[in-house]
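Colleague: I am new to this structure and would like a short tour of it. Could we begin with the overall picture and then turn to the details?

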Amino acid sequence: MFFTTTFTENQSINHPVFSENGIQVSIKREDLIHPKVSGNKYRKLKYNLIAAKKENHTTILTFGGAFSNHLAAVAAAGKAMGFKTIGVVRGQELIKVAHHNPTLSYC
């Protein structure tokens with residue numbers, strides 16, 4: 001299944017200022033969960049898509065802006081899990097950029 005783990009490594013950040021002041025800095029690498037569905041998008045979609053699969057739904061409908069990472073994440077997760085996806089794009093910016101928009105082209 002697409003949503004198998006949400007474990008990600010912490011990455012240490014080394015800088016002289018941190019060392020001089022005895023500070024340890026780490027970043028949780030949520031961007032490494034999946035190339036298109038990462039971090040909060042992964043966590044927000046996970047349980048909804050698992051429930052949709054369990055209930056035998058075949059299509060996911062969602063709403064987002066013309067440059068929405070959410071739309072791209074739903075498209076990627078939907079494809080991986082075997083759902084058809086429909087993205088309703090909101091916003092006036094769509095009128096000007098629809099055919100030049102890499103996010104929507106990906107979706």
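Modeller: Certainly. Of the 107 residues of the chain, 28% count as buried. Please keep in mind that this is a predicted model.

Colleague: How many helices and strands does the chain have?

Modeller: The chain comes to five helices and four strands. Read from the N terminus, the elements run β-α-β-α-β-α-β-α-α.

Colleague: And what share of the contacts joins residues at least 24 apart?

Modeller: Counting contacts between residues at least 6 apart in sequence, 65% join residues at least 24 apart.

Colleague: What about the surface: how much area does the chain expose?

Modeller: About 7400 Å² is exposed, and carbon and sulfur atoms supply 54% of that area.

Colleague: Let us turn to H2. Where is it, and how far does it reach?

Modeller: Helix H2 covers residues 39-54, which is 16 residues. From its first C-alpha to its last it reaches 23 Å, close to the 22 Å expected at 1.5 Å a residue.

Colleague: At which residue does H2 bend?

Modeller: The bend is at Lys46 and amounts to about 35 degrees. Lys46 is also one of the buried residues of H2. The others are Gly39, Tyr42, Leu45, Leu49 and Ala52.

Colleague: What do the buried residues of H2 pack against?

Modeller: They pack against strand E3, residues 59-65, and helix H3, residues 69-81.

Colleague: What follows H2?

Modeller: H2 is followed by Asn56, which lies in the loop between H2 and E3. The phi of Asn56 is positive, near 60 degrees, although the residue is not a glycine. Most residues other than glycine have a negative phi.

Colleague: Is Asn56 buried or exposed?

Modeller: Asn56 counts as exposed because its relative accessible area is 65%, and the cut-off for exposed is over 50%.

Colleague: Changing topic, how many salt bridges are there?

Modeller: The count comes to two salt bridges. In one, the side chains of Arg43 and Glu30 meet at 2.8 Å, N to O. This pair links distant parts of the chain, with Arg43 in helix H2 and Glu30 in the loop between E2 and H2, 13 residues apart.

Colleague: Are those two partners buried or exposed?

Modeller: Glu30 is buried, with a relative accessible area of 18%, whereas Arg43 is partly exposed at 34%.

Colleague: Why does Glu30 count as buried?

Modeller: Buried means under 20% relative accessible area, so Glu30 at 18% falls in that class.

Colleague: Which residues form the other salt bridge?

Modeller: That one joins the side chains of Asp31 and Arg29, at 2.7 Å, N to O. Asp31 is partly exposed, with a relative accessible area of 43%, and Arg29 is partly exposed as well, at 22%.

Colleague: Back to the surface, then. Which residues form the nonpolar patch?

Modeller: The patch consists of Leu61, Phe63, Ile86 and Val88, which together have about 350 Å² of accessible area. Strand E3 and strand E4, residues 84-90, each supply at least two residues of the patch. Leu61, for instance, has its place in E3.

Colleague: What of Thr62: buried or exposed?

Modeller: Thr62, found in strand E3, is buried, with a relative accessible area of 12%. Beyond its neighbours within four places in sequence, Thr62 is in contact with His70, Leu71, Val74, Ile86, Gly87 and Val88. Two of these partners, Ile86 and Val88, belong to the nonpolar patch.

Colleague: And which residues does Lys84 touch?

Modeller: Lys84 is in strand E4. Not counting residues up to four places away in sequence, Lys84 touches Thr58, Thr59 and Ile60. The C-alpha atoms of Lys84 and Thr59 are separated by 4.5 Å, although the two residues are 25 apart along the chain. Lys84 is exposed, with a relative accessible area of 61%.

Colleague: One last strand. What does Ile27 touch?

Modeller: Ile27 is found in strand E2, residues 25-28. Leaving out residues up to four places away in sequence, Ile27 touches Glu9, Asn10, Gln11 and Ile13. From Ile27 to Asn10 the C-alpha distance is 5.4 Å, with their places 17 residues apart in sequence. Ile27 counts as partly exposed, at 42% relative accessibility.

Notes: Residues numbered from 1 in each chain as written. Predicted model: local features only at pLDDT ≥ 70, side-chain atom pairs only at ≥ 80, totals over all residues. Heavy atoms only, no water. Expected span 1.5 Å × (residues − 1). Bend = angle between axes of the 7 residues up to and from the residue. Buried < 20%, exposed > 50% of the residue type's maximum accessible area, 1.4 Å probe, protein only. Contact = heavy atoms within 4.5 Å. Patch = residues over 30% accessible without salt bridge, like charges linked within 9 Å, V, L, I, M, F, W, Y side chains within 5 Å. Areas by Shrake-Rupley, 256 points an atom, 1.4 Å probe, with all protein chains shown as cover. Salt bridge = Lys/Arg side-chain N within 4 Å of Asp/Glu carboxyl O.
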